[in-house]
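Reader: Could you walk me through this model, one helix and one contact surface at a time?

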Amino acid sequence: MKLANFLRLPVLLASVLAPIPISAEHTSNWAVLVSTSRFWFNYRHLANVLSLYRTVKRLGIPDSQIILMLPDDMACNPRNAFPGTVYSNADRAVDLYGDNIEVDYRGYEVTVENFIRLLTDRVGEEMPRSKRLLTDDRSNILVYMTGHGGNEFLKFQDAEEISAFDLADAFEQMWEKKRYHELLFMIDTCQANTMYSKFYSPNIIATGSSEIDQSSYSHHADNDVGVAVIDRYTYYNLDFLETQVREPSSKMTLGDLFDSYDESKIHSHPGVRWDLFPGDEQGGRERLVMDFFGNVQNVEVDNAGGNDTEWKEDLLHLGKKIAELRERAEAQDAAVKNNTVPESRGGSHPSRKIRAAKVEIDETWWGKKAVGALALGGCAIVWLAGTYQESA
Amino acid sequence: MSGLLATTSLLRRDPRLLKVPPYLSFLCIVIGVAWLLLLPLDDYSRGTYISENALLPGQVHTYFAGSDQNVFRGYKHEVDALGERSNVEVNDKLGELFKASGLKVARQKYEYKSAGETYEGENIYAILHAPRGDATEAIVLVGAWRNVDGVLNRSGVALVLTLARYFKRWSLWSKDIIFLVTADSRAGPQAWVDAYHDTHQSPAIESLSVKSGALQGAVVIDYPFDHRFESLHIVYDGINGQLPNLDLLNTVVAIASGQMGIGASLQQMWQHTDSYQDRLKTMLRGMLNQGLGHASGPHSSFIPYHVDAITLQPYGEGWQDEMAMGRVIESTFRSLNNLLEHLHQSFFFYLLMQANRFVSIGTYLPSAMLVACNFTIMAIFLWVKSGAPLPPKTTVGSTTQSDEKAPPLAVIQEGDAKAIVPEETLAVRERELFLPLAVVAGSQFLGVLPLYLFNHTSAPMFPAIFTLFTAFNTIAPPLLSHLLTTTFHPTAQQYSLIKSFSLLILGLFLSSLATLNFSLAFLVGLFSAPLTYMQPLPNRPIIAGILALLLTALAPTTVLFAGAQYWGLGIGEVLKEAAFGWDVWGMNTQVVVWCVWWPAWLTGMVSLWGRPREEVES
């Protein structure tokens with residue numbers, strides 16, 4: 001009996017190794033954190049990004065998997081009363097700049113072109129790995145952007161802007177190139193929700209700070225630094241992440257995060273877009289915050305998405321092994337038959353199953369052909385009738 | 001095509017249409033004035049707002065307090081002790097004090113000559129280099145040793161010294177800060193700014209030995225008394241009616257009233273109740289200052305160089321002390337320090353009617369433009385009219401004579417339509433242009449005479465010269481008119497052409513001036529408005545006499561005299577100030593008065609006295 005069970009294995013294996021439908025698992029986490037505005041009075045945008053950088057690092061994403069884009073250097077601005085530091089809170093408890101910070105794109109490198117090239121990986125050979133988004137179809141990506149925006153655009157630096165269409169196309173390209181598994185897009189700017197309105201690629205959850213025709217406001221200013229230090233939406237996101245998601249084992253879900261938004265505190269209407277995500281809102285809400293803000297350590301599936309020929313060879317090898325085993329089993333059965341006649345079902349069981357599968361495929365094939373022919377014939381009749389009526 | 005031309009010329013001769021322009025031009029004046037009077041209303045003026053994002057006024061804590069007050073007291077004792085010492089002695093001491101604060105010090109001697117008098121002195125300034133900046137930009141803090149009224153600016157200079165010492169302690173400056181103490185409030189700042197931009201007349205004005213980057217803004221402290229004050233008076237008029245960017249004023253107002261709780265007032269409106277009258281008064285005072293185009297404080301000299309500048313004058317008896325004043329300056333400098341580029345976001349052309357209420361150029365400009373337009377409309381009308389044929393002579397008592405010849409007719413064709421009209425309506429009478437052009441050109445050139453006279457005589461002569469010129473001004477028009485009549489026998493057509501050209505030039509000048517110095521264009525336009533309706537009245541000597549009297553009352557000389565009387569100044573003083581403005585500040589109000597307004601007035605007066613020759617049809 002044990003042997004018979006063992007012989008069912010190829011069927012199970014085949015179902016696992018067949019071209020994968022969407023799997024719930026991801027194997028790596030990446031974060032793209034972008035501030036798009038420069039100049040001293042936009043201090044808060046850089047502080048926003050740096051606070052988020054600190055948070056994802058705290059939750060486990062390593063520097064090598066964080067792309068940080070900072071268009072200006074607030075720490076070294078002569079106007080900074082606290083040289084070498086950036087704070088996102090007037091209590092100045094945490095120096096966000098501190099030590100151990102890796103800025104991947106800085107100053108005038110932060111452009112729309114570089115950003116889109118980064119996402120779609122259309123970069124030259126000379127581009128160092130630290131400036132590339134080396135993701136695959138099992139990577140979850142957090143894309144966070146902040147700056148000055150408007151209806152369906154986000155200003156980059158002082159000269160150019162990225163439109164919602166550009167961004168949607170870039171994500172589509174990423175999807176086609178299998179560069180992400182699931183993507184959380186988060187944006188804090190004026191009229192932020194318009195930025196994700198054009199997305200059309202699957203597996204994206206998007207959230208923004210404010211609706212169309214709504215401004216996104218700063219949270220508070222530090223009167224010694226002399227500027228606003230953080231935006232409201234980002235502040236309350238961080239508030240949740242700091243107080244609720246305290247360790248990487250946290251089971252908080254995105255639903256919890258989005259439910260924590262309080263419009264009376266944020267002073268604008270944050271939005272969430274679920275429809276691109278499989279399972280829509282229900283499926284999206286169950287995703288863990290750690291799926292995007294943290295780093296995955298517990299799941300490692302080595303061969304997933306591996307070499308095509310490799311697993312086929314393995315399967316072939318396995319098939320041979322099975323055939324060999326079957327022969328051996330039949331030989332054993334024959335030996336047993338000599339002794340006891342009634343027990344003869346064991347050997348035929350697995351082989352029948354395989355055959356049945358083949359027949360099933362054949363049947364649908366013929367059916368489909370018939371339906372297609374009918375449809376074509378119908379079209380032809382309609383067309384003929386149309387031309388006849390027209391000529392008459 | 002010819003048909004079209006003919007129809008337009010028909011339209012042009014339409015007697016109904018020809019009646020319109022004089023009323024239209026009068027309407028322009030009325031609407032222009034009414035427009036201005038509407039501006040202070042809520043619907044037409046706007047509240048001020050900060051346009052430049054970088055400024056962030058009042059977002060910083062100010063720390064100028066505590067022990068700095070003791071430092072201030074010390075410096076004030078020093079300043080008081082220097083009191084009446086000579087300029088050089090004062091600067092020796094000030095230089096010492098600046099050096100003690102760790103600043104680089106330099107001096108500049110200057111000497112101006114105007115109206116036979118010499119204005120000399122020595123400026124001293126110190127530069128605080130931005131510790132982490134790149135020395136490409138600088139902001140200036142000015143305290144004149146003597147303010148505009150010639151009073152010792154004791155608290156002001158002491159405050160500049162204290163702030164220099166205090167600012168030195170901060171490391172957050174992105175621009176250099178220049179502390180400037182000028183010898184006076186009129187010539188000194190001009191000499192320094194000229195030299196800073198290398199446009200000075202050396203050797204009379206020394207070059208600066210030490211300089212910094214491009215000036216981004218200047219704030220002047222005019223604080224000549226010891227006691228506590230109530231509010232801030234902000235002076236913002238520049239030379240020739242140029243104004244600093246509205247953002248600078250808004251920043252100071254926002255900081256003073258929003259952060260420090262100090263009220264701000266403008267144009268010496270010590271009490272402002274936010275009523276229509278007060279707003280109008282503030283606006284008109286502003287317009288008068290702008291129209292005169294003189295320097296209203298040390299800041300005025302900076303503005304022609306596109307350096308936004310204002311003067312802050314504390315006034316009244318209140319509970320604000322010199323430290324509060326210092327904090328306003330500190331916060332203002334922190335805001336200016338935040339600037340990334342020159343102030344440019346907000347308005348440069350505006351009329352203020354309260355510290356937080358203004359109208360921008362788009363709203364007020366039509367008012368002066370309409371007044372200027374009235375001259376142009378009339379000029380075009382007169383040109384058209386001068387080309388019209390003379391009305392046919394009708395002999396008395398022969399109204400319905402059957403033997404009278406019917407006028408020759410002409411046929412006009414346009415497409416299928418035809419019309420028959422009297423031929424004479426299509427004819428254009430030849431215009432005799434030489435005499436009108438010569439008269440207008442002559443009077444324009446005559447304007448150089450008073451311009452030269454009033455800028456190149458010495459001050460003690462001014463009252464005498466002015467009396468002489470007024471006398472000439474009274475006698476000249478009838479005399480010139482008589483000369484014109486007896487020598488050239490101008491026709492009525494020539495008189496109306498003289499007027500047409502004169503008004504055309506006036507309209508042209510005023511409408512272009514309106515974009516540069518709105519107030520001056522408006523005022524001159526208003527004073528010359530009657531010129532639109534002056535024409536020879538040979539048969540009505542009494543009316544002509546009355547009109548001449550009216551016109552004389554509105555002559556530049558009379559207006560000048562009345563203005564001087566109203567403000568209790570001698571005419572000599574006014575002319576001296578004007579000459580000083582011309583020589584030192586580069587003020588060009590005189591050019592407008594003597595070369596635009598006065599010639600137009602003279603031509604108007606001449607044609608009023610004119611006696612056109614009887615015209616006969618050739």
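**A helix and its surroundings**

Author: Happily! This is a predicted model, and a good place to begin is H4(B), where Asp68(B), Phe72(B), Tyr75(B) and Val79(B) are buried. Because they cover an arc of only 70° around the axis, they sit on the same side of H4(B).

Reader: Which exposed residues does the face of H4(B) turned away from its buried side carry?

Author: Start from the buried set, which includes Phe72(B) and Tyr75(B). An α-helix has 3.6 residues a turn, so residues three or four places apart point the same way. The face turned away from that buried side carries the exposed residues Ser67(B), Asn70(B), His77(B) and Ala81(B).

Reader: Which helices of chain B do the buried residues of H4(B) pack against?

Author: H4(B) itself runs over residues 67-82. Its buried residues have three partners in chain B: helix H5 (87-100), helix H6 (154-169) and helix H10 (322-338).

Reader: How do the residues on the side of chain B that touches chain A divide?

Author: Let's take the contact itself to begin with: 16 residues of chain B are in contact with 12 residues of chain A. On the chain B side, these residues divide into 7 nonpolar, 7 polar and 2 charged.

Reader: What separates the centres of domain 1 and domain 2 of chain A?

Author: The domain assignment places domain 1 of chain A at 28-293 and domain 2 at 346-392. Taken over C-alpha atoms, their centres are separated by 50 Å.

Note on methods:
Residues are numbered from 1 along each chain as its sequence is written. Chains are lettered from A and ligands numbered from 1 in the order in which they are written. This is a predicted model: local features need pLDDT of at least 70, side-chain atom pairs count only at pLDDT 80 or more; totals for chains, interfaces and linings use all residues. Helices (H or I, at least four residues) and strands (E, at least two) are DSSP runs, numbered from the N terminus. The expected span of a helix is 1.5 Å times one less than its number of residues. A residue is buried if 20 or more other C-beta atoms lie within 10 Å of its own, exposed if 12 or fewer, and partly exposed in between; C-beta atoms are placed from the backbone. The arc is that of the directions from the helix axis to the C-beta atoms. Two residues are in contact if their C-beta atoms, placed from the backbone, lie within 7 Å. Ala, Val, Leu, Ile, Met, Phe, Trp, Tyr, Cys and Pro count as nonpolar, Asp, Glu, Lys and Arg as charged, and the others, Gly among them, as polar. Domain bounds come from an automatic or database domain assignment.
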